[in-house]
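Some features of a protein are easiest to grasp by looking at the space it encloses and at the way a single helix is placed. Please look over the sequence and the structure below before reading on.

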Amino acid sequence: MSGSGTASYVVDTPGAPAGLAVWKSAVARAVVPLEVEELAGIAFQGHLAQTVVDDVSVYDIAATPHVVRRTPELISDNDKRYYKLSLQLAGPAILEQDGRRAELRPGDLAIYDTHRPYTLALPEHNQAMVVMFPHELVDLPRDEIARVTAVRFPSDTGLGRVINPFFVELGRNMDQLAGRHASRLVHSALDLLVTMLSQELHRRQDPATNPARSLAREVREYILAHLGDHDLTPSAIAQAHYISIRHLYTIFSAEGQRLSVWIRSRRLEHIRRELADPLLADRPVSWVAARWGLPDAAHFSRLFKAEYGESPTAYRERIVGDAAARIS
């Protein structure tokens, strides 16, 4: 499930009784292991198409009525952690996770976490677009996103009027993910998702009842807005929020993170995205790195290789090659 521009994967199940077994095997290979149960006495049949761009998997899934369960027994501490965004295109769906229940209709979005148990019931013939992406691609802490899993984001209110139609069109035009702008398209979609989640978190947050959580969010938003500043130091961040450096470190340690590691990972992820962007292909690697607060080319190259297993130049060349192969 990793890489950029990985060849698409498609499976269409045969009729019963083999259909359900084929489906479970295909889902375990292309998504994550799940328990699958037929509903309404209808023999299972399904269609799954997967396209992978920049470690983000986009699926077109259509199936007869069924229910899937991600049980604790199917989750391992060694599993890579993913979020899944589900957009209903046809038929209803009922998503349950973290004590919440979202009843989804066509056009509605919801997010859930593959590293925690969930149930997704599809009581009628259905179709959905699902986007699965690593936790680290989202500029929001895990405990914050855990507050909005299995929450319905409808298409007829608030930001849903703008954002949901984008995902609907993406689901209808997945062939666009074979083009040279696939990486930009996918990450634009994730940026829109983060915008929607952030708005919902702000809506639910009452600073008077949880000032610590409110401060943590303000600090993170400040850092993300200043990632390109070469002088983004702990001292500067603490001063901007009228807190001590020790308090600043405590904010991150409370979430099991280190401030410097979090800033570095956010910078590297933005750089990686821009190295894959065809609109910036004529810009030197050093220019992209400096733009995100890492002006020392040698130091940046070491950090990038340690994080992604290859040099930034080799990464860019590989991405360009993959994009060319998809187009041809």
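Which element gives the most to the lining of the second largest cavity? In this predicted model, that element is α4, which contributes 3 residues to the lining.

**The enclosed spaces**

Rolling a probe the size of a water molecule over the atoms shows where empty space is left. The structure holds 2 cavities of 30 Å³ or more, and the table sets them side by side.

| Cavity | Volume | Nonpolar lining residues | Polar lining residues | Charged lining residues |
|---|---|---|---|---|
| Largest cavity | about 230 Å³ | 13 | 4 | 1 |
| Second largest cavity | about 30 Å³ | 7 | none | none |

The largest cavity has a lining of 18 residues, and those that lie nearest its centre are I61, V68, K84, L120 and V130. Two or more residues of this lining come from each of the elements α1 (18-30), β4 (56-63), β5 (66-70), β6 (82-90), β10 (118-122) and β11 (126-134). By character, the lining of the largest cavity divides into 13 nonpolar residues, 4 polar ones and 1 charged one.

The second largest cavity, with about 30 Å³ of space, is lined by V56, V58, V131, L170, V186, A189 and L190. At least two residues of this lining are supplied by β4 and at least two by α4 (182-204). The lining of the second largest cavity counts 7 nonpolar residues, with no polar and no charged residue among them.

**Helix α10**

A second topic is helix α10, which runs over residues 297-308 and so has 12 residues, reaching 16 Å from its first C-alpha to its last, close to the 16 Å expected at 1.5 Å a residue. Which residues of α10 are buried? They are F300, L303 and F304, and because these three cover an arc of only 100 degrees around the axis, they sit on the same side of α10. An α-helix has 3.6 residues a turn, so residues three or four places apart point the same way. On the other side of α10, by contrast, R302 and A306 are exposed.

The two ends of the helix can also be described. At the start of α10, a side-chain oxygen of D296 comes to within 3.2 Å of the backbone nitrogen of A298, while just after α10 the residue G309 takes a positive phi of about 80 degrees.

Technical notes. Residues numbered from 1 in each chain as written. Predicted model: local features only at pLDDT ≥ 70, side-chain atom pairs only at ≥ 80, totals over all residues. Heavy atoms only, no water. Helix = DSSP H or I, 4+ residues; strand = E, 2+ residues; numbered from the N terminus. Expected span 1.5 Å × (residues − 1). Buried < 20%, exposed > 50% of the residue type's maximum accessible area, 1.4 Å probe, protein only. Arc of directions from axis to C-beta. Polar contact = N/O pair within 3.5 Å; in protein donor to acceptor, adjacent residues only side chain to side chain. 1 Å grid on protein atoms, 1.4 Å probe; cavity = no way out; pocket = protein on both sides within 12 Å on 5 of 7 lines; lining within 4 Å. Points joined across faces, edges and corners; volume = space filled by probe spheres on them. Nonpolar A, V, L, I, M, F, W, Y, C, P; charged D, E, K, R; others polar.
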